Amino acid sequence: MSSSHKRFKSIDTNLLHAGAIRPNIEDSVVTPIFQTSTYLTGGDRDYDDVRYVRCSNTPNHAVLHARIAAIESAESALVTASGMAAITTAILSIVKTGDHILTQRCLYGGTQMFLNEDAKGLGIDHMPIDLNDPSSWRKALKPKTKLLYVESISNPLMEVGDLKAIVAFAREHNLVTIIDNTFPSPVNFRPIEIGFDLVVHSATKYLNGHSDIGAGAIVGSQARITKATKLLNHLGGMLDPHACFLLERGMKTMGLRVRQQNQNALQLAQFLSKRDEVSEVRYPGLSSDAGHKFAEKLFDGYGGMLAFYLKSDAMAEPFLNSVTIPLHAVSLGGVESLVVRPSRSSHAGLTAKEREALGVTDALIRVSVGIENIDELIEDFSAALSMSHVKEAKRA
Ligand SMILES: *Cc1c(COP(=O)(O)O)cnc(C)c1O
């Protein structure tokens, strides 16, 4: 009894069947939860043959590894306890003390803090580069630069860079590339297909899609994933079998969910860009957006994440208090819409000046668009915008 190697042509079929155990235990249709930490030894020759929950080699792990590899067009994959476990493990599987990393300018807060504090403490330095200015990249190189780390769509301003140019630059200079593909999800973009070496995910978000577990994934070649697995075995950030089961269940509907979220987000972005209370909308699906020209060529859809600036900082609080359908919470990628103010959440650790420089002002609202009825959602945003305007006027 083992996970199947068969792959299908489309992501939707792979989401249901790739890696499934066939025939399954007791003829079950769904992968059961193997709620056991250890397995009988069967003439194991070395440590890598031992089946033990921390080694991420239970049947629940095997199914997910084959399935996630299939949907990302990769040889291999590894699930982890969180997105941060995936990111830190992937980075540390490439660089060691004395090495140097090039990164995108505005990264996910957790990744940025890991690089600023923990990686730096280990003697691993990094240098931010401007993805929109390829002529500046070469100057940032050092003799010990080993890794180039980017995100497919950046948080919270939804920037999409020239990702093909990034891959070409990295190849020219012998750098390993890692890309955080959480925001588009593999439904909209598969970075391995354009030559990235490793893809990381917060599976807490779109892969699971239901805001009810923490999980992550690393995707890439067999050799790179074997190396990352050995490191994860030491660091200990494996995914529990019960969370594996929930992630497998959540992933089955990712195609349906994400395509609905693509549609809803585009409609909401178009609605917001026509409103007087809004000064700017950031969404790669809008033809006016700076990243649109790259997103259009690379992506099958523009995703469910958008951000917008209200006309004044004072409107943000009344707006957040007036929407009745989206929930005011951090995180993203679930079926329910969420709204958040990045200056008070992901970027609260920066100084006001640093936030201003990045464009993360108090007037910026980030939306993770869910699968609610879009007319009802737009009605709710419309009412809240009108309300925030009235309240702001009264205050002034
Ligand atoms: C949430 C998130 C992470 C971190 O994932 P966790 O599952 O919370 O550890 C990393 N990158 C991006 C882009 C995210 O949105």
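**Figure 1. C244 and C55, two cysteines without a disulfide.** In this predicted model, C244 counts as buried, because its relative accessibility is just 1%. C55 gets the same label, since a relative accessibility of 7% falls under the 20% cut-off for buried. Neither residue has found a bonding partner: C55 is in no disulfide, and the nearest cysteine sulfur, that of C244, sits 13 Å away. Looking from the other end, C244 is in no disulfide either, with the sulfur of C55 as its nearest cysteine sulfur at 13 Å. A disulfide calls for sulfur atoms within 2.5 Å, so the 13 Å between C55 and C244 rules this pair out. For the whole structure, the disulfide count is zero.

**Figure 2. The seven-stranded open sheet.** Reading across the sheet, the strands come in the order β1-β7-β6-β5-β4-β2-β3. The sheet is open, and its pairing is mixed. Strands β1 (76-80) and β3 (125-129) are the edges, each pairing on one side only. From one strand to the next, the twist averages 20°. What holds strands like these side by side? Strands of a sheet pair through backbone hydrogen bonds, in either a parallel or an antiparallel sense.

**Figure 3. The β2 and β3 end of the sheet, with helix α4.** Here the view closes in on strand β2, residues 100-104, which pairs with β3 in the parallel sense. Five bridges make up this pairing. For a handle on the register, look for T103, which stands opposite P128 in β3. Helix α4 covers residues 109-121 and lies across β2, β3 and β4 (145-151). Relative to β3, helix α4 runs at about 150°.

**Figure 4. F189 and F299, a tilted ring pair between two loops.** By the ring-centre rule, the structure has four aromatic pairs, and this is one of them. The ring centres of F189 and F299 are 4.9 Å apart and the planes meet at 45°, so the pair is tilted. Where do the two residues sit? F189 is in the loop between α6 (185-188) and β6 (198-202), while F299 is in the loop between α10 (292-298) and β9 (305-310). The pair therefore ties together parts that are 110 residues apart in sequence. F189 is buried, at a relative accessible area of 2%, and F299 is buried too, at 6%.

**Figure 5. F319 and F381, a ring pair linking two helices.** These ring centres lie 5.7 Å apart with the planes at 50°, so this pair is tilted as well. F319 belongs to helix α11 (residues 316-322) and F381 to helix α13 (residues 374-395). The pair therefore ties together parts that are 62 residues apart in sequence. Buried or exposed? F319 counts as buried at 0% relative accessibility, and F381 is buried with a relative accessible area of 0%. Bring in F308 and you have one aromatic cluster, made of F308, F319 and F381.

**Figure 6. L272 and its contacts.** L272 lies in helix α9, residues 254-273. The residue counts as buried because its relative accessibility is 0%. Which residues does L272 touch, leaving out those up to four places away in sequence? The list is V278, V281, L306, F308, F381 and L385. Two of these names, F308 and F381, also appear in the aromatic cluster with F319. L272 and S382 are separated by 110 residues in sequence, yet the distance between their C-alpha atoms is 8.5 Å.

**Figure 7. S388 in helix α13.** S388 is found in helix α13, and it is buried, with 0% relative accessible area. Setting aside neighbours within four places in sequence, S388 is in contact with M315, P318 and F319. As a distance check, the C-alpha atoms of S388 and S337 are 19 Å apart, with the two positions 51 residues apart along the chain.

**Figure 8. Where the two domains meet.** The domain assignment splits the protein into domain 1 (2-251) and domain 2 (255-395). Their C-alpha centres lie 27 Å apart. How many residues does each side bring to the contact? Domain 1 supplies 37 and domain 2 supplies 39.

Methods
Residues numbered from 1 in each chain as written. Predicted model: local features only at pLDDT ≥ 70, side-chain atom pairs only at ≥ 80, totals over all residues. Heavy atoms only, no water. Pairing = 2+ DSSP bridges. Helix = DSSP H or I, 4+ residues; strand = E, 2+ residues; numbered from the N terminus. Axes fitted to C-alpha atoms, helices over the stretch in contact; angles between N-to-C directions. Contact = heavy atoms within 4.5 Å. Buried < 20%, exposed > 50% of the residue type's maximum accessible area, 1.4 Å probe, protein only. Phe/Tyr/Trp six-rings, centres within 6.5 Å; stacked < 30°, edge-to-face > 60°. Domains from an automatic or database assignment.
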